[in-house]
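I opened this structure for the first time and kept notes on what I looked up. The entries follow in the order I made them.

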Amino acid sequence: MRKYEYVLFDLDGTLTYSHPGIYAGLRYALASLGRPEPDERRLRLCVGPPLTYSFSEIFGLEEAQTAEAVRKYREYYAEKGLFENEPVPGAKEALEELRRRGYRLALATSKPEIFARRVSDAFGFTPFFDALTGSGTDGSLPSKADVIREALRRLNAENSLSLMIGDRKHDAEGARLCKVDFAGFTAGYAEEGELEAEHPVFLFGTFAGLADRLD
């Protein structure tokens, strides 16, 4: 018998390479506040975590500045950044094969759900998901654990039969808080050693053979 019945996927850095649009949105937001041009490393750290975390913890903005930066970022992202994006090779085919084998799948991303759905639709992922879950533009589901918990609720899934797949430590931390196993995608945006430190059930760098591995 296979161990998992439900598989949850992160979006940015796992199913898509979205950094061009995210970087541009961050630069736009920070420039609007008169902040200096951010370096590449700090921009990379922002792919995956909630925006409020990125602006407050990585760029050191105060609460009011963080709220304004989030607003300016979404202003850019909704119009341009959303489309500065491309699917990870093999991601769609892996979703299709997992669904064919009877797994129930969900998207669980810190990206606002309204944006996540548009990306998922554009790349043909949506038909394979039983639930598509992201954060709310109203501040709801602010943490990755909140998003994962909501995705599990929508799937009516058992935690012990569920696996979260993502490319950053925030995915692993959220899964751990929800008592869900975590597998790390190493071809995403994690820094060296970041995923290994989270003790995933396994690591993988290509979607080829993922369904066989889960079976």
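Entry on strand pairing. I looked up strand S1 (residues 6–9) and found it joined to S6 by four bridges, with the two strands running parallel. This is a predicted model, so I read each entry as a description of a prediction. Within the S1 pairing, Phe 9 stands opposite Ile 165 of S6. I then checked the pairing of S6 with S7, which is also parallel and also has four bridges. Ile 165 has Ala 183 as its bridge partner in S7. Following the chain from S6 through H8 to S7, I noted a β-α-β crossover that is right-handed.

Is S6 buried or exposed? I found five of the five residues of S6 (residues 162–166) buried, so the strand is largely enclosed by the rest of the structure. I also looked at the two faces separately. Ser 162, Met 164 and Gly 166 are buried on one side, and Leu 163 and Ile 165 are buried on the other.

Entry on the cores. I looked up the largest nonpolar core, which has 51 residues. Phe 9 is among the residues with the most contacts inside it, and the others listed include Phe 55, Leu 105 and Phe 207. Helix H1 (residues 19–32) gives the largest share of this core, five residues. Apart from this core I noted another, of 20 residues, including Val 147, Ala 172 and Leu 195.

I followed Phe 207 further. Leaving aside neighbours within four places in sequence, its contacts include Phe 9, Leu 15, Val 88, Pro 89 and Phe 185. Phe 207 is also part of a cluster in which ring pairs link Phe 185, Phe 202, Phe 204 and Phe 207.

Entry on rings. How many aromatic pairs does a search of the whole structure find? I recorded 10. For Phe 55 and Phe 59, the ring centres are 6.3 Å apart and the planes are at 40 degrees, so this pair is tilted. Phe 55 is buried at 0% relative accessibility, and Phe 59 is buried at 7%. For Tyr 73 and Tyr 77, the centres are 5.5 Å apart and the planes are at 15 degrees, so this pair is stacked. Both tyrosines lie in helix H4 (residues 63–79), four residues apart, which is about one turn of the helix. Both are buried. I also noted Arg 2, which lies over the face of Tyr 103 at 3.7 Å from the ring centre.

Entry on Thr 133. I located Thr 133 in strand S5 (residues 131–135). Thr 133 is buried, with a relative accessible area of 0%. Not counting residues up to four places away in sequence, it touches Leu 107, Glu 113, Val 147, Glu 150 and Arg 154, among others. Val 147 had already come up as a member of the core of 20 residues.

Entry on backbone angles. Most residues other than glycine have a negative phi, and I looked up two exceptions. Lys 179 has a phi near 60 degrees. Lys 179 sits in the loop between helix H8 (169–177) and strand S7 (181–185), and at 67% relative accessibility it counts as exposed. His 199 is not a glycine either, and its phi is positive, about 55 degrees. His 199 lies in the loop between S7 and strand S8 (202–204), and it is exposed, with a relative accessible area of 69%.

Key
Residues are numbered from 1 along each chain as its sequence is written. This is a predicted model: local features need pLDDT of at least 70, side-chain atom pairs count only at pLDDT 80 or more; totals for chains, interfaces and linings use all residues. Side-chain values use heavy atoms; hydrogens and water are left out. A nonpolar core is a set of buried Ala, Val, Leu, Ile, Met, Phe, Trp, Tyr and Cys residues joined through side-chain atoms within 4.5 Å. Buried means under 20% relative accessible area, exposed over 50%, partly exposed in between (1.4 Å probe, protein chains only). Contact means heavy atoms within 4.5 Å. Two strands pair if DSSP finds at least two bridges between them. A crossover is right-handed if, with the strands pointing away from the viewer, the path from the first strand over the helix to the second runs clockwise. Rings of Phe, Tyr and Trp (its six-membered ring) pair if their centres lie within 6.5 Å; planes under 30 degrees apart count as stacked, over 60 as edge-to-face and the rest as tilted. A charge sits over a ring if NZ of Lys or CZ of Arg is within 6 Å of the ring centre and within 35 degrees of the ring normal.
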